[in-house]
Amino acid sequence: TTQPVNVTVTGAAGQIGYALLFRIASGQMLGPDTPVRLRLLEIPQGVKAAEGTAMELDDCAFPLLAGIDIHDDPRAGFEGANVALLVGARPRGPGMERADLLEANGGIFKPQGEAINAVAADDVKVLVVGNPANTNALIAASNAPDVPKDRFTAMTRLDHNRALSQVAARAGVPVAEVRRLTIWGNHSASQYPDLFHADVAGRPGSELAQDRAWLLDDFVPTVAKRGAAIIDARGASSAASAANAAVDHVHDWVLGTPEGDWTSAGIWSDGSYGVPEGIMSSFPVTSAGGPGATWDVVPDLEIGELSRERIDASVAELVEERDAVRGLGLI
Ligand code: NDP
């Protein structure tokens with residue numbers, strides 16, 4: 001039998017955590033043959049609720065769930081972690097400036113990066129979900145000098161999935177027939193969903209993009225502002241779809257992206273596509289899967305003028321956030 005994979009989830013008692021843990025424990029993230037051991041990390045006030053979720057996990061009698069333990073200390077929570085999902089973050093409170101938000105999250109993601117550096121497994125793969133996700137991932141990665149930078153990623157898969165769904169609806173085709181969309185830049189309102197390279201049921205996405213009014217006044221803002229639209233409708237943030245995207249991200253990283261397709265992930269820029277090195281920006285990526293799997297940037301896409309401008313604007317925002325956390329001494 002296979003050794004269980006240690007999966008650490010922070011913010012385990014939150015809304016996303018509640019939607020996420022059962023999917024992981026059922027085998028949907030790492031596959032039907034891989035047992036998992038869950039390590040839940042919470043702040044002390046969240047521990048009791050996490051214990052309740054752990055009771056429910058027990059009550060599911062998932063055959064693949066090899067154990068659950070709960071911690072409020074990052075050094076214990078990341079011990080031996082093979083996969084780490086960093087979901088817990090400090091939400092923006094009323095009247096909070098962006099600098100305050102970055103600083104509050106620095107207080108979470110700096111010690112978590114240090115703990116991952118010290119105690120996680122050698123093959124640790126990290127996905128940051130908690131916002132501002134790209135910059136939180138940058139802080140964690142920068143504070144884990146012994147872990148290769150390509151093991152830290154930020155989630156733009158929900159944006160990617162939202163874009164797939166919007167394009168499928170527009171074209172009147174099943175979502176499974178939409179491929180090769182890309183989210184570029186920051187997981188924020190400045191992100192750029194790019195359909196110029198997409199394959200939409202055998203037709204080039206650039207055909208749909210010819211309707212510039214739809215592209216710029218409908219598609220791009222609908223994807224970028226979907227989170228707010230869901231809060232409006234549900235009276236609460238998206239949680240199940242965010243958890244689903246986290247499952248998709250880790251699944252494709254560990255098991256590989258499908259032949260002929262790619263996905264989107266925030267990764268440490270190597271300078272590809274004119275994105276400055278050393279920021280966590282979203283790119284079109286593939287993974288070959290397997291033990292040493294990495295996210296590899298899809299090469300040689302032609303970037304037109306419209307896309308260039310949008311990518312540059314979102315990247316400029318990431319550079320600003322990087323400079324801000326640098327100024328705060330967090331990286
Ligand atoms: P959620 O579980 O709803 O959200 C958690 C984080 O995910 C937030 O930063 C949220 O950002 C972010 N997020 C990213 N993408 C999305 C998306 N598409 N939709 C919604 N959220 C998204 O938050 P809760 O408040 O329910 O739970 C947070 C938990 O984390 C609490 O239990 C808290 O105790 C815990 N926590 C743990 C920490 C730790 O382990 N050290 C540190 C801080 C908190 P946004 O705010 O922008 O919506």
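Helices (H or I, at least four residues) and strands (E, at least two) are DSSP runs, numbered from the N terminus. The legends below use these names for a predicted model.

**Figure 1. Overview of the chain, with 11 helices and 14 strands.** The radius of gyration is 19 Å, close to the 20 Å that the globule rule gives for 331 residues, so the chain is as compact as a globular protein of that length. Its C-alpha trace spans about 55 × 45 × 40 Å along the principal axes. Of the 331 residues, 48% count as buried.

**Figure 2. The open sheet of 9 strands.** The strands follow the order β3-β2-β1-β4-β5-β6-β12-β13-β14, and their pairing is mixed. Strands β3 (65–71) and β14 (296–297) are the edge strands, each pairing on one side only. Strands of a sheet pair through backbone hydrogen bonds, either parallel or antiparallel. Between β4 and β5 (residues 125–128) there are 4 bridges, and these two strands run parallel. One residue to find here is Leu 86, whose bridge partner in β5 is Val 128.

**Figure 3. Strand β1 (residues 5–10), a mostly covered strand.** In β1, 6 of its 6 residues are buried. In a regular strand the side chains alternate between the two faces of the sheet. On one side of β1 are Val 5, Val 7 and Val 9, on the other Asn 6, Thr 8 and Thr 10, and all of these are buried, which leaves both faces covered. Strand β1 is joined by 6 bridges to β2 (residues 36–41), and the two run parallel. Thr 10 has Leu 41 of β2 as its bridge partner.

**Figure 4. The shell of 27 residues around the ligand.** Gly 11, Gly 14, Ile 16, Gly 88 and Ala 89 come nearest to the ligand. Helix α1 (residues 15–25) gives the largest share of the shell, 3 residues. Sorted by class, the shell has 13 nonpolar, 12 polar and 2 charged residues. Domain 1 (5–154) and domain 2 (157–324) each supply at least three residues to the shell.

**Figure 5. The C-terminal domain feature and the annotated residue His 187.** An unreviewed UniProt entry places the feature "domain: Lactate/malate dehydrogenase C-terminal" at residues 156–322. Over residues 156–322 the chain is 46% helix and 16% strand, and the C-alpha atoms at the two ends are 18 Å apart. The UniProt annotation "active site", also from an unreviewed entry, covers His 187. His 187 is placed in the loop between β8 (182–184) and β9 (192–194). Because His 187 has 30 C-beta neighbours inside 10 Å, it counts as buried; the cut-off for a buried residue is 20 or more.

**Figure 6. The open sheet of 3 strands and the loop at Ala 201.** The order of the strands is β7-β10-β11, with antiparallel pairing. At the edges are β7 (178–179) and β11 (203–204), each of which pairs on one side only. Strand β7 is joined to β10 (residues 199–200) by 2 bridges, and the two run antiparallel. The bridge partner of Val 178 in β10 is Val 200. Ala 201 lies in the loop between β10 and β11. Its phi is near 50°, a positive value in a residue other than glycine. Ala 201 has 14 other C-beta atoms within 10 Å, so it is partly exposed.

**Figure 7. The loop at Ala 61, between α2 (47–60) and β3.** Phi of Ala 61 is near 50°, a positive value for a residue that is not glycine. With 7 other C-beta atoms within 10 Å, Ala 61 is exposed, since a residue with 12 or fewer falls in that class.

**Figure 8. The loop at Gly 80, between α3 (74–77) and β4 (83–86).** Gly 80 counts as partly exposed because it has 14 C-beta neighbours inside 10 Å. Gly 80 and Arg 39 are 41 residues apart along the chain, and their C-alpha atoms are separated by 9.7 Å.

**Figure 9. The cis peptide bond between Asn 131 and Pro 132.** Omega of this bond is about -10°. Pro 132 is placed in the loop between β5 and α5 (133–142).

Conventions. Residues numbered from 1 in each chain as written. Predicted model: local features only at pLDDT ≥ 70, side-chain atom pairs only at ≥ 80, totals over all residues. Near = placed C-beta within 6 Å. Nonpolar A, V, L, I, M, F, W, Y, C, P; charged D, E, K, R; others polar. Domains from an automatic or database assignment. Pairing = 2+ DSSP bridges. UniProt positions renumbered as here; feature names shortened; annotations may be inferred. Rg over C-alpha atoms; globule rule 2.2 N^0.38 Å.
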